[in-house]
Structure formats: C-alpha cells, structure tokens
Amino acid sequence: MATQSSSSPAYQRLLEQRDDDVVIVSAIRSAMTKGKKGGFKDTRPDFILSNVLHAVYSRVNLDPKLIEDVAVGNVLPPGGGASAARMASLHAGIPNTTAVNTVNRQCSSGLTAITQIANEIRAGQINIGIGAGVESMTHGFGSRAAPEISDEILENQDAEDCLLPMGITSENVAKDFGISRQIQDEFAANSFQKAAAANKAGKFKDEIVPIRTKFIDPKTEKEVEIVVDADDGIRDGVTAQSLSKLKPAFTKDGCTHAGNASQVSDGAAAVLLTRRSVAKKLGLPIVGKFVTSAVVGVPPRIMGVGPAFAIPKVLDLVGLNKDEVDFYEINEAFASQAVFSVQHLKIPFEKVNINGGAIAMGHPLGCTGARQVATGLNIAKQTGKRVFITSMCIGSGMGMAGVFVSEH
C-alpha cells in the first residue's frame, strides 16, 4: 500500500522537520464501549477523561505543571460541560494553574480541540497543551438533548433541516447519490472484519489505556470492579449477508440499520502537543506532527457528505493530491456517507480505516476526532506509513479534515 507519489515536493515538504513545528508527543485513548450495556455503562465521562488525561502526559514523564491549556471536545455535556472537564483535569493530576475549556463542533469536537491547542502553540500563546475528547452516550444521549427552536428560525429550510434525525440524513445521502443497501452492507461488514482481525492481532493495545472502573452486573445487580482495556462493540463473523437480514431503522424502505451505522458508545481520547523545539529541550518523544486542518459547510439534509468536501480543502492547504496521502481515517457515522465520500474522492477503499472504523468500534461523539489521531499514529507505526488524513461529517451539515505526519 505504498504511496505512488511519495517523492513529490509537497509530500517531502511535509516530512521536513522545523523547530517551530507543532508536534505530538503522546496520543492515547480509552477503549470504546457500547452505550448502556458496555464496560463504561456505569462510569461517568469525567472519570474516563481523567484517566486518559493522566495517561497522555504520564506515559512520557511530562511534569503536568508544564501543561498550559487543555481543550476537550464534548457534544452532550452535563450542566454546561466545562466544569466536568476542569474537574477531570484536576483529578488527573494536572494543577489548577492549567486552564481548561470545552468545545462542541458535534462529531469533529475532538479534532477541533486538537486544532485549537495547535493554533495556540503556533501563535506563541502556549508551549504545551492537550487536545482531547470525551463522550458518555450512556449518560448523555437521548431526547433530553433536543432543542426548542423559535418558529421564525424554522422558516429557513436549511435551519429546519438541522433538526432532521441523523438516520434520515443518511437515507437522504443514499437516495440522492444512489448508494445501494448492498454496498453499504459490504462496507460495514468490511469494517467489522478489519476491526476484528486488528483486535485479535493486538493492534489496538498500544493506543488504549486500560481503565479500572465499577460495573454493575445486569444479571446479579452486584457492583464489581473491572478493567476496561478493549473495544467491546467489535463483533466476529459479520458478513454482508448477515447484515442484509437486518431491518431498516429509520424508514420502512430505507437502507440504514443497526449494522451499517456507527455504534452509540462511551469513550475518551487525548493528544499532547507542543513545539518541536520545546520537545527537544525537554527530551520528549516526538511521535507525529500536526500539519493543519480545515472545516466546510454542506447542506444539513445531507450532512454526511462533509468529508467529501473537507478533504479536498485541507489537501489544497498543503498542496498534496489525494493519492499522495498514505492512508485515511474517515469516520463511519453511516455506511452511506462514508461510501459516498470515498467514491466521490476516488480514494481506494483499502486506504481507508485500515483497522476498521466507527461502525465496528463505536463513535463516542466528542471523542472520535481525537481517537482517530491516536489510531492513525498507531497504524502509521505498525505499517511504516507517514502522511495520513483524519476526517468526519458533522451534525447540522459540516465536514472537517486534518493532516498529520507520523514520526515513529
């Protein structure tokens, strides 16, 4: 799977190392577990986040007093969100002199948090920071999150379309662009198969921090202590044929169902960033480089097409063509939109989500943007690949993409 154009000037420029580069010295995630029934069903998001924040700096022996800012992506925050993130940061051993904020750009919140910290470093505002993301869909997901919108706003069709259930936007993408049920099921089955194989081979271990937590056994109702160290939504033996038997979830004649959409999940991820000169001075390991990111808006009724337009924008920013990218992490919110994005861009499917994606592993909303970076760096280390792009569609009609370089 070597790149065809890896000797191009643009590609080689990305590999160059400068003292003012924004680099990644550590990237880690929790396991992603099934909402309401997985390993974190009785664990609050602040506790998952605290464990991940502690791991991301302690694994590289960084003095937490040197961390100046922490940005946390979170889509369904209890009570406003920032306080829980601040409390998690303090519990993680990060001192009260370190600032914290939460950011919500829906499914790209984790990547938005990383971008915010990277830009603060680039602007000279801070030297070291953490971009993170967390979501407990067990404790945050559901109708209580539905907003009440004024009638005047709803007179605008695009504004009203922002309230469409995500599953309906998936059906719209499939219908508008002719993405068949069969190809969606084939894509989803492939995601499960890749993730199951990667899991069996231990390929996720280096990116996951084990978390000791409490779990109430649904049969005995007894509270026990468990260690959550593996994604529990990954299933063996999934085929396109087995998925073809599942009923559509959103419309009678639709094609989106529980097996070809992302799983409702709990999890967190964190990325520790600094300037290359600072990393060298402190003797910190450099595992990767944040290059840049880009956001776009798309029609809310087909919000899933976001990556198809965000990826070209970020490629233009760095002067690369799509074939020069070694691999892609494109979030699988739904098979319909992931397939459309890959086909629209004419990216080989074998370059996308090498170890599986959100259909198999889960999509804790605020976490995913940071999780993809931890996964991408781990894949790069395992394969020797260097340049990768992460991307995702965003509820209400947007897309985001980021360019990263591995230095493992």
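Is K346 buried or exposed?

1. K346 is exposed in this predicted model. The relative accessible area of K346 is 63%, and the cut-off for an exposed residue is over 50%. K346 sits in the loop between α13 (335–345) and α14 (358–361).

2. The backbone at K346 deserves a look. Phi of K346 is near 55°, which is a positive value in a residue other than glycine.

3. S396 also has a positive phi without being glycine, and here the angle is near 85°. S396 belongs to the loop between β11 (387–394) and β12 (398–406). With a relative accessible area of 29%, S396 is partly exposed; the class covers values between the buried cut-off of under 20% and the exposed cut-off of over 50%.

4. Helix α8 covers residues 166–177, twelve residues in all. From the first C-alpha of α8 to the last, the helix reaches 17 Å. This is close to the 16 Å expected at 1.5 Å a residue.

5. Which residues of α8 are buried? They are G167, T169, S170, E171, N172, V173 and A174. An α-helix has 3.6 residues a turn, so residues three or four places apart point the same way.

6. The buried residues of α8 pack against two helices, α9 (181–200) and α13. Helix α13 also borders the loop that holds K346.

7. Just after α8 comes G178, where phi is positive at about 65°. Unlike G178, K346 takes its positive phi as a residue other than glycine, and so does S396.

How values were computed: Residues are numbered from 1 along each chain as its sequence is written. This is a predicted model: local features need pLDDT of at least 70, side-chain atom pairs count only at pLDDT 80 or more; totals for chains, interfaces and linings use all residues. Side-chain values use heavy atoms; hydrogens and water are left out. Helices (H or I, at least four residues) and strands (E, at least two) are DSSP runs, numbered from the N terminus. Buried means under 20% relative accessible area, exposed over 50%, partly exposed in between (1.4 Å probe, protein chains only). The expected span of a helix is 1.5 Å times one less than its number of residues. Contact means heavy atoms within 4.5 Å.
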